[in-house]
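Let's walk through this structure together, with an eye on charges, rings and confidence. Keep the viewer open as you read.

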Amino acid sequence: MLENKCWTSWINNDSPSTGTGDAETNAGGCPGAAHFDCQTVEGLTLIDVEVNKTTCTSSGITCLNSDQRADRSCPDFKVRYVCSCPSKPFFHFCVCLFFS
């Protein structure tokens with residue numbers, strides 16, 4: 001059976017310049033998302049930036065400034081998730097994917 005899936009909007013609720021680093025969570029995403037994407041706000045992937053002890057998971061991303069080299073801090077990250085599409089017909093707001 002095919003299920004209609006869509007990417008959420010990008011979530012960027014934290015900033016590395018305030019606090020101890022950057023943490024973007026699945027709050028506002030969807031529980032148990034099997035597909036997710038973490039990037040810097042400039043669109044760079046984790047492979048493109050030098051960060052220590054930072055992983056992208058279905059829970060989000062957390063980067064601590066204290067885990068980075070002395071001359072570096074965490075970049076500003078954003079996350080998005082693949083969820084079930086909304087039942088209301090506004091599909092023009094999302095990119096729909098089909099998984100079996």
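How many aromatic pairs does a search of the whole structure find? The search comes back with zero aromatic pairs. Keep in mind throughout that this is a predicted model.

The rings do have charged company, though. Turn to Trp7, where the charged end of Arg80 sits over the ring, 4.2 Å from its centre. Trp10 has a charge over its ring as well: Lys78 lies over the face of Trp10, at 4.4 Å from the ring centre.

Stay with Arg80 for a moment, since its side chain also meets that of Asp37 in a salt bridge, with an N to O distance of 3.2 Å. Arg80 belongs to strand S6 (residues 77-84) and Asp37 to strand S3 (residues 36-40), so this pair ties together parts that are 43 residues apart in sequence. Are the two partners buried or exposed? Asp37 is buried, its relative accessible area being 16%. Arg80 has a relative accessibility of 22% and therefore counts as partly exposed, because the buried class ends under 20%.

In total, the structure holds three salt bridges. Let's move on to Arg69, whose side chain meets that of Glu50 in a salt bridge at 2.8 Å, N to O. Here too the pair links distant parts of the chain: Arg69 is in the loop between strand S5 (60-64) and S6, while Glu50 is in the loop between S3 and strand S4 (56-57), and the two are 19 residues apart.

Arg69 also forms a salt bridge with Asp71, where the closest N and O atoms are 3.3 Å apart. Glu50, Arg69 and Asp71 are thus linked in a network of salt bridges. Within this network, Arg69 counts as partly exposed at 41% relative accessibility, whereas Asp71 counts as exposed at 61%.

Finally, how far does the predictor's confidence go? The chain averages a pLDDT of 82, and 80% of the residues score at least 70. Confidence is highest in S3, at a mean of 94, and lowest in strand S7 (residues 96-99), at 52. The pLDDT is below 50 over residues 90-94, a stretch that has seven contacts in the model beyond near neighbours in sequence. Where pLDDT is low, the predicted coordinates should not be read in detail. By contrast, Asp37, the partner of Arg80, lies in S3, the strand where confidence is highest.

Methods: Residues are numbered from 1 along each chain as its sequence is written. Side-chain values use heavy atoms; hydrogens and water are left out. A salt bridge is a side-chain nitrogen of Lys or Arg within 4 Å of a carboxyl oxygen of Asp or Glu. Helices (H or I, at least four residues) and strands (E, at least two) are DSSP runs, numbered from the N terminus. Buried means under 20% relative accessible area, exposed over 50%, partly exposed in between (1.4 Å probe, protein chains only). Rings of Phe, Tyr and Trp (its six-membered ring) pair if their centres lie within 6.5 Å; planes under 30 degrees apart count as stacked, over 60 as edge-to-face and the rest as tilted. A charge sits over a ring if NZ of Lys or CZ of Arg is within 6 Å of the ring centre and within 35 degrees of the ring normal. pLDDT is the predictor's confidence in each residue, from 0 to 100. Contact means heavy atoms within 4.5 Å.
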